Amino acid sequence: MAGKNAITAELARFAVGVDYRNLPREVTERVKALVLDLTGIIIRARFDADPAPALMTTVQRLGLGGGNCTVLGEPARFAPPAAALINGALAHSLDFDDTHAPGSIHPSAPIVPAAFAAAEMTGASGKDVIAAIVAGYEIQIRLSLALVPSRHYARGFHPTATCGAFGAAAAAGRIFGLSAHRMESAFGLCGSMAAGSLQFLDDGAWNKPFHTGYAAMNGLIAATAAAEAYRGAARSIEGRAGFLHAYTSEAVVENATAALGEKFETMSIAVKPYPSCRYGHAGIDAILALRAGHGIDPAEVASVEVGLSRTGLEIIGKPAAAKQWPRNIVDGQFSMPFVGAVALREGRMSWDDYRHHLDDPETLALCRRIHTIADPAAQAEYPANMSAIVRIDTNRGRFEQLVVTPKGEPGNFMSDIELIDKFDLLAGPYLERERRNALSSAVLSLDSAERLAELLALTHSSTVTSIHAG
């Protein structure tokens, strides 16, 4: 473990030293599963996410089209920072991307797009991309743990974005072959670029996906500048005005380097079966289990109580009146009453349910019968698990279910078959089956790819018109 005055240097040495050949097989296999999961999400978001058209035309207006990098699902090509920005934003636009419960972050959204852009800039192999993604994950996650997510949230920051910039720089810098000294410079530049305000929660704005894309782009820019010998600040993480002092009330600095290279936080990343905030997934699991197990009809439900951790309650339960009356998709994604009402009515929670239920009077009436509280049982599991306990009162009595480990968490991970099914549901409307099969197979054998660009070429169909072309 690094001393408190050498954290940036220790993380830089780790990032440049990650070698595919020395990674445990379970880690490399998990990375491929996570990349497949993100690929399907980006492709669907490219066509179906509200921010996509404005973002695509924005980068064109800025002159960032016409480069050599890929936006997944998009036939046109883009400059590297634009590809990182768009892929990173699309990755988080559906709020269907992976999570890390103790770090309270979405690891892949900023990391994988930065690695992809860097790989296309350099002609990197699949093995190099896997190693780079691991470097990014391990640094991003540890920084969030060091900040202490609840304290970081209290200052109004979203750790996926703030920590994501450092992780994205680690991933891109690993592909560029930076020295440890130049990786420190990349981190130094990230100290001036790490951002991500939670203010979007007030009105359902599109900042959240924007700032994951921004983190991917900033990490790529920082690593590229460092590769060209641009000097970044020293001790940008632990310094007097560094990341761990400026972005939290009290850091647990040892978390930044604890068991670095020995314990892989990559194995603690979860995938989402539902396209909503992860804090609500245990509640959805519990509602679905009670609905199926007791044949509960929404019409007989008098009230539902969902017990959450205190942090979960702040994010998906408060203010109660707003959560019970979501106005748009972002509101719905961060509303336990809404996702719970959809689960009760449909027996599922899918991306397409937002457009069907946000204006549905019966669903909204059911939302107002769903209440959230801070519950000791859920709090006892936090932060290791985003648990929930659900109590449904009906005219037949009360039914109760505790879910400690939501589906998709490392201890309850989705199988390759389940991940392929999710990928097919997301990409199905836009990629023909033969191409989908080829793409999923290629991602799950990513370490066999001599050049990542060949795999990324499979992510769009020649039958699909470019979104900014019409």
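This report describes a predicted model of a protein, covering its confidence, one sheet, and several helices.

**Confidence**

The average pLDDT of the protein is 94, and 97% of the residues score at least 70. Residues 464-470 have a pLDDT below 50, and this stretch has 20 contacts in the model beyond near neighbours in sequence.

**The sheet**

Four strands form an open sheet in the order S4-S3-S5-S6, with mixed pairing. S4 (370-374) and S6 are the edge strands; each has a single partner strand, so one side of each is left without a neighbour in the sheet. From one strand to the next, the twist averages 15°.

Two of the pairings are set out below.

| Strand pair | Sense | Bridges | A bridge partner pair |
|---|---|---|---|
| S3 (residues 301-308) and S4 | parallel | 5 bridges | Glu305 and His371 |
| S5 (residues 388-394) and S6 (residues 397-403) | antiparallel | 7 bridges | Asp393 and Arg398 |

S5 is joined to S6 by a hairpin of 2 residues. Asp393 stands opposite Arg398, which belongs to S6. In the parallel pair, Glu305 has His371 of S4 as its bridge partner. In a regular strand the side chains alternate between the two faces of the sheet.

**Helices on the sheet**

Helix H12 (residues 281-294) lies across S3, S5 and S6, and runs at about 135° to S6. Helix H16 (residues 336-346) also packs on the sheet, where it touches S3, S4 and S5. The direction of H16 makes about 130° with that of S4.

Arg291 is found in H12. With a relative accessible area of 26%, Arg291 falls between the 20% limit for buried and the 50% limit for exposed, so it counts as partly exposed. Not counting residues up to four places away in sequence, Arg291 touches Ile296, Ala343, Leu344, Arg345, Glu346 and Gly347. Of these contacts, Arg345 is 54 residues from Arg291 along the chain, and the two C-alpha atoms are separated by 9.3 Å.

**Helix H6**

Helix H6 (residues 126-147) has 22 residues. From its first C-alpha to its last, H6 reaches 32 Å, close to the 32 Å expected at 1.5 Å a residue. Why is H6 described as largely enclosed by the rest of the structure? The reason is that 20 of its 22 residues are buried. Val148 follows H6 and has a positive phi, near 70°.

Gln140 lies in H6. Its relative accessible area is 0%, so Gln140 is buried, the limit being under 20%. Leaving aside neighbours within four places in sequence, Gln140 is in contact with Ile105, His106, Pro107, Pro110, Ile111, Thr160, Cys163, Gly164 and Gly167.

**Helices H2 and H5**

Two packed helices are described by the angle between their axes and the distance between the axes. For helix H2 (residues 25-48) and helix H5 (residues 108-122), the angle is about 95° and the axes are 11 Å apart. An angle of 65 to 115 degrees counts as roughly perpendicular, so H2 is roughly perpendicular to H5. On the H2 side the contact is made by Leu34, Val35 and Leu38. H5 contributes Ser108, Ala109, Val112, Pro113 and Phe116.

How values were computed. Residues numbered from 1 in each chain as written. Predicted model: local features only at pLDDT ≥ 70, side-chain atom pairs only at ≥ 80, totals over all residues. Heavy atoms only, no water. pLDDT = per-residue confidence, 0-100. Contact = heavy atoms within 4.5 Å. Pairing = 2+ DSSP bridges. Expected span 1.5 Å × (residues − 1). Buried < 20%, exposed > 50% of the residue type's maximum accessible area, 1.4 Å probe, protein only. Axes fitted to C-alpha atoms, helices over the stretch in contact; angles between N-to-C directions. Parallel < 35°, antiparallel > 145°, perpendicular 65-115°, else oblique.
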